[in-house]
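Biologist: I am new to this structure and would love a close look at one part of it. Could you walk me through the place where the ligand sits, and what lies beside it?

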Amino acid sequence: MRVETPRLEVPLSLDAIRRCLFTYTVGRRLVLHDAVTSTNAVLRELARAGAVEGTVVLAECQTAGRGRAGTAWFSPPGVNVYLSALFRPAIPLASAAPFTFMGSLALVDAIRELGLNPAIKWPNDVLVGGKKVAGVMAELDAREERVRQAILGIGVNVNVGQDVLRAALGDAAGFATSLREARREPIDRNAFAASVLTYLDDWLVVFRDRGAPALLRAWRDFDIVTGRRVEIRSERTVFDGRARGVDEEGCLAVEDAGGRVHRVTTGQLRLLE
Ligand code: BTN
């Protein structure tokens, strides 16, 4: 009889992350916690106290991890990556959505480095094999039409098993996976977190040098939504139609059955085909 020995996860470590980090801004200050309510909430407090741009908060576990559109983000201890990064971009509100695309672009780069083939589901979900492995929650602080502060919260299912996802998420686990499941081997979380942060820094340089259009061009290469039938669910409405593409402000155009084009800025998107 073959006895399975439990796998011991290597803990997250700031030294191990720093060894693989090649950045100018992102990760200028790194903070690691065992457990927090939400890395976004912790970073918001640090930002209020004057934290420098590029401050990153990571945690082994979140007790109240949050996703987009008011959902919860399943954040079990010791297996995944949960991090938030602080930016002070001073950009017009119109560039805010493309700015947040840096999150999914960095994830795509880091995941491609693992030999996988990720795609982006508007606005910032990252899928492998059609299932979600990572998401980005952006929290913006804008005044007088300018973004003063942006917190990008990034959650990645790195080594969590499908059995654990199923136990926590039920049927929704059918739409989720982890990098370990996709690659069929455990992933080094420290190296992966450093890779995401390094690519985030690269995209920040692109944004500063070439602006939102450069991010949009790169993002469109991984967009799996345009051309497909989708359902959009927001606080106020639910409708379906065909996705016609993402405009220069990062909004998704969806044409309904009557030919009316809706400019979608927020909400949950479900692929219908
Ligand atoms: C989504 O796809 O709905 C976005 C998920 C974002 C989850 C991350 S985990 C780190 C950070 N802290 C949170 O509470 N949420 C984000």
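**Around the ligand**

Modeller: Happy to! Let us begin with Ser38, where a polar side-chain atom lies 2.8 Å from an oxygen atom of the ligand in this predicted model. Another oxygen contact involves Lys132: one of its polar side-chain atoms is 2.6 Å from an oxygen atom of the ligand. Gln62 faces a nitrogen atom of the ligand instead, with an N or O atom of its side chain 2.9 Å away. The protein covers 98% of the 410 Å² of accessible area that the ligand has on its own.

Stepping back, the space taken by the ligand is the largest pocket. In total, 20 residues surround the ligand, and the closest are Ser38, Gln62, Arg66, Arg68 and Lys132. Helix H2 and the strands E3 (81–87), E7 (131–143) and E8 (146–156) each supply at least two residues of this shell. Strand E7 gives the largest share, with four residues.

Now look at Thr39, which belongs to helix H2 (residues 39–48). Thr39 counts as buried because its relative accessibility is 3%, under the 20% cut-off. Leaving aside residues up to four places away in sequence, Thr39 touches Val57, Leu58, Ala59, Gln62, Tyr82, Leu83 and Ser84. With Ser84, the link is also a polar contact between the two side chains, at 2.7 Å. Gln62 is a handy residue to follow on screen: Thr39 touches it, and its side chain has an N or O atom 2.9 Å from a nitrogen atom of the ligand.

Definitions and conventions: Residues numbered from 1 in each chain as written. Predicted model: local features only at pLDDT ≥ 70, side-chain atom pairs only at ≥ 80, totals over all residues. Heavy atoms only, no water. Buried < 20%, exposed > 50% of the residue type's maximum accessible area, 1.4 Å probe, protein only. Polar contact = N/O pair within 3.5 Å; in protein donor to acceptor, adjacent residues only side chain to side chain. Contact = heavy atoms within 4.5 Å. Near = heavy atom within 4 Å. Areas by Shrake-Rupley, 256 points an atom, 1.4 Å probe, with all protein chains shown as cover. 1 Å grid on protein atoms, 1.4 Å probe; cavity = no way out; pocket = protein on both sides within 12 Å on 5 of 7 lines; lining within 4 Å. Sits in = over half its atoms within 2 Å of the grid points.
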